[in-house]
Every structure is written in C-alpha cells, then in structure tokens.
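Grab a viewer and work through these exercises on a two-ligand protein model. Try each task before you read its solution.

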Amino acid sequence: MKIALVGAGSWGTAVAGLVADSVDSVAMWAHSPQTADGINSNHVNPRYLDGYRLPDNVTASSSLQEVIDGAEGVIFAVPSTHLRSVAHEAAVYLDDSVPVLCLTKGVELTSGLLMTEVIGDEIGHPERIAALSGPNHAEEICRGGLSAAVIASEDPEVAEFFKAALISPALRVYVSPDVVGVEMCGATKNIIAIVCGISAGSGYGDNTLALIMTRGLAEISRLVHARGGDPMTCMGLAGMGDLVATCTSEHSRNRSFGVAFAGGTSLDEYQQRSHMVVEGAAAARSVSELARELGVDAPLTFALERTLYHGGTLAEALELLTDRFPTQEFYGMDD
Ligand SMILES: NC(=O)C1=CN([C@@H]2O[C@H](COP(=O)(O)OP(=O)(O)OC[C@H]3O[C@@H](n4cnc5c(N)ncnc54)[C@H](O)[C@@H]3O)[C@@H](O)[C@H]2O)C=CC1
Ligand SMILES: O=C(CO)COP(=O)(O)O
C-alpha cells in the first residue's frame, strides 16, 4: 500500500516515519524541491528534524501528481494558510473514494472553516476526511517517546483506516466521532500557548500559567460548544492533552514565540528565523472573527488578536483581562 503525505515540515516528516512502518511506501510532497532532493538522497529532511533518519520506503517529490497517483490514503500536513491552495491543486489527482487525513491545526480566516472543511470544499466527499490531533510534538515522536493521539471522523471506517496506519507501541491512537470538537481544540490551544509564553517571558510564574491554561480551557469549551462540537472533547487528548503539551513544552513554537514576543521579537522575525509556522498567531485572528460571529466570550483570544494585529501593548492586554470582574467559573454553555 502507498500513502501520500502532503507537507514536509516537522510534523509531516515525523508522521511519514510513523506510517512507513505499516505500509509499503510513503510518498511525501515537499513545497521546496531542495527538501525533496535532501529526503531522496540522504533520507533526511534537510530543513526540519535534520537529526532524524527517515525509513528507506519514504521518498519525496515536489510534484503533487507524482505523490498522489496510486496512493490508497492521503495525509495533509501543510500550514493552515496554505492548505486551501494545496488541496485545490491536489484535487485533480485525488479519486473520490480515497480516504484523507488532516494534520493541520487552524481555522480559516474569513470563512471560519475548520481544516477538514477547507479540504472538503476543495476535493469534495467530506465524509472521507478525518482529523488527527493530540499532544504530539514532532521532535518527541521521532525519538519514539510514548505518545497518544485521537483521530476524529464521521465515518468510523476512515478513522480505523488511518488508525491502522499510525498505531504503534509508541503511539496510542484513539478514535472519536467529534470532528468539530477535536479540530476546534487543536486550533484554539495554540492561541492559549502563545499567551502562556508571553506570560512566562514577562516573568510571571506557575500560578499564572495554570490560570491561563485553565481559563483558556473554559474559553476553548465555549468555542467548541458554540461551533457545534462536544465540550467533553475538551477533556481529552485534543483538548486538555494538547493544551498541557503546547503550553508547557520547550518544543512548542507557539509557546516559544510568546516568550520571544515578550522579549521584543516580532512574529515575522520569529517565523523567518525558525522557518516554522506559528499557527496560534493566525488563529488569534481567525478565531476572534469566529467568536464574534458566534457571540462567544473569548477574552484571551481577543487580547492576543489586539496585541498582535492592532498595536495593543502587553500592559493594555493585561489590564483588559484583569479588569474583568470574575463571575461564575463556568458560563456560556447553555443551549
Ligand atoms: N510540528 C509539530 O510538532 C506539529 C505540528 N502540527 C501542525 O501541522 C501543521 C504543519 O506544521 P509543521 O509540519 O510543524 O510545519 P513546519 O513549521 O515544521 O514547517 C513549515 C511548513 O510549511 C511549508 N510551506 C512553506 N511555504 C509553503 C507554501 N507556500 N505552500 C505550502 N507549504 C508551504 C514548508 O515547506 C514546511 O513544510 C501545522 O498546522 C501545525 O500546527 C500538529 C501537530 C504537531
Ligand atoms: O500541535 C502541536 C503539538 O501537539 C505543535 O505545537 P507547536 O506548533 O506550538 O509546536
């Protein structure tokens, strides 16, 4: 069996290595031909996870057609802002019956669509598109550390197909029918992780970190509920699990960006230096729009949006948040 993996950043590279153990071949699509050459010549991605040797049955190309032709499953792992254009280009090579898995975490700006919905818009047959999420930093997955993830799909057969391709003694794979909940959690925890990084970079301690994560989880739950997902999903791997990992891990780009931002580094500087995507920065804007549309109170998200995009200072953001009078711990979940 051949699996196509569209996206050769850190996560695409790590997941290619996992899937390669269960299938005959994995064909990766890399945006840059130099990355594809590096993988084919040395079995190493020259730009991401360059200490990790990919299995011999992983090859790469910068031609989507070459990668997708003959694949029995397709996995997308490109950053959220490029997903629609890449899925659009991939659509012509994709059979209607091929199951698709989305690893991207985000909400599309303006449309408010989740990542599986963006792919579905472009390739059709949305019932065959699943989402994988959970506390999974690529760096640790490559080292074979014990981890767990959840695959959400409205079609259980699609979830089981990808579960079989990914499960291993080092990766426990659970399934869920709550695609909206799992994807909303994945997109919004990145926002909270940036706020945690800003807090740590500004000298605040662990009480503050716990405050942001906990009130962040309440905010995520309101968003999940309003978008039609199950708030219980927030208690699982895609919710609390990924929130803990991203808000506390040295590997998190979102948290690290927050720390750097508090020290005076701009988003552009950070992304140019690391060549890595900070999904929470894009999500601060798209989720703010969505929250306003849905009438959801999302103070941490709004404060980050204001700071990153409307010239608000960190002192103003803190004042906005602390000026709010604390009321009931849980609210906004009634129908
Ligand atoms: N890195 C990780 O540990 C995890 C990442 N994710 C998610 O996976 C998605 C992909 O992130 P990473 O693999 O970490 O990316 P990355 O930050 O490691 O690399 C950036 C990627 O963007 C690609 N890219 C740049 N310009 C492009 C363009 N014009 N068109 C298409 N692709 C372009 C690069 O080729 C590279 O693949 C994100 O949504 C991220 O939140 C999810 C779980 C874990
Ligand atoms: O989603 C992730 C871990 O599960 C990756 O988080 P970062 O993008 O912050 O590194």
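**Exercise 1: α8 against α10**

Task: In this predicted model, find which residues of α8 meet which residues of α10, then work out how the two helices are oriented.

Solution. Start with the residue lists. On the α8 side you should pick up Val182, Cys185, Gly186, Lys189, Asn190, Ile192, Ala193 and Cys196, and these meet Ala238, Gly239, Asp242, Leu243, Thr246 and Cys247 of α10. Sort them by class and the contact of α8 with α10 comes out as eight nonpolar, four polar and two charged residues.

Now fit the axes. Those of α8 and α10 come within 9 Å and cross at roughly 25°. Angles under 35 degrees count as roughly parallel, so α8 and α10 are roughly parallel to each other. As for the hand, α8 passes α10 in a right-handed crossing.

**Exercise 2: α8 against α9**

Task: Repeat the job for α8 and α9 (residues 206-226): at what angle do they pack?

Solution. The angle is about 155°, and the axes are 9 Å apart. Anything over 145 degrees counts as roughly antiparallel, so α8 is roughly antiparallel to α9. The crossing of α8 past α9 is right-handed.

Next, the residues. α8 brings Gly181, Met184, Cys185, Thr188, Lys189, Ile192, Val195, Cys196, Ser199 and Ala200 to this contact, while α9 brings Thr208, Leu209, Ile212, Met213, Gly216, Ile220, Leu223 and Val224. By class that gives twelve nonpolar, five polar and one charged.

**Exercise 3: the two domains**

Task: Which domains does the assignment give, and how many residues does each put into their contact?

Solution. The domain assignment splits the protein chain into domain 1 (2-177) and domain 2 (181-322). Their C-alpha centres lie 24 Å apart. Counting the contact, you get 26 residues from domain 1 and 29 residues from domain 2.

Zoom in on the domain 1 side. Elements with at least two residues there include α4, α5 (115-123), β6 (129-133) and β7 (147-152). The largest share, four residues, belongs to β7. The class tally for this side of domain 1 is twelve nonpolar, nine polar and five charged residues.

**Exercise 4: ligand 1**

Task: Describe the shell around ligand 1 and say where the ligand lies relative to the domains.

Solution. Begin with the neighbours: 25 residues sit around ligand 1, and Gly9, Ser10, Trp11, Ala138 and Met276 come nearest. The elements giving two or more residues to this shell are α1 (10-20) and α4 (80-91). Eleven of the shell residues are nonpolar, twelve polar and two charged. Finally, domain 1 and domain 2 both contribute residues to the shell, so ligand 1 lies between them.

**Exercise 5: ligand 2**

Task: Which residues are closest to ligand 2, and which element gives the largest share of its shell?

Solution. Ligand 2 is surrounded by 14 residues, with Asn136, Thr246, Ser252, Arg253 and Asn254 the closest. Two or more shell residues come from each of α8 (179-201), α10 (237-248) and α11 (253-262). The largest share, three residues, is that of α10.

Thr246 is worth a second look: one of the closest residues to ligand 2, it also appears in the contact of α10 with α8.

To finish, the class count for this shell is three nonpolar, seven polar and four charged residues. Domain 1 and domain 2 both supply shell residues here, so ligand 2 lies between them.

How values were computed:
Residues numbered from 1 in each chain as written. Chains lettered and ligands numbered in written order. Predicted model: local features only at pLDDT ≥ 70, side-chain atom pairs only at ≥ 80, totals over all residues. Near = placed C-beta within 6 Å. Nonpolar A, V, L, I, M, F, W, Y, C, P; charged D, E, K, R; others polar. Domains from an automatic or database assignment. Contact = placed C-beta atoms within 7 Å. Axes fitted to C-alpha atoms, helices over the stretch in contact; angles between N-to-C directions. Parallel < 35°, antiparallel > 145°, perpendicular 65-115°, else oblique. Left-handed = near helix turned anticlockwise from the far one by under 90°.
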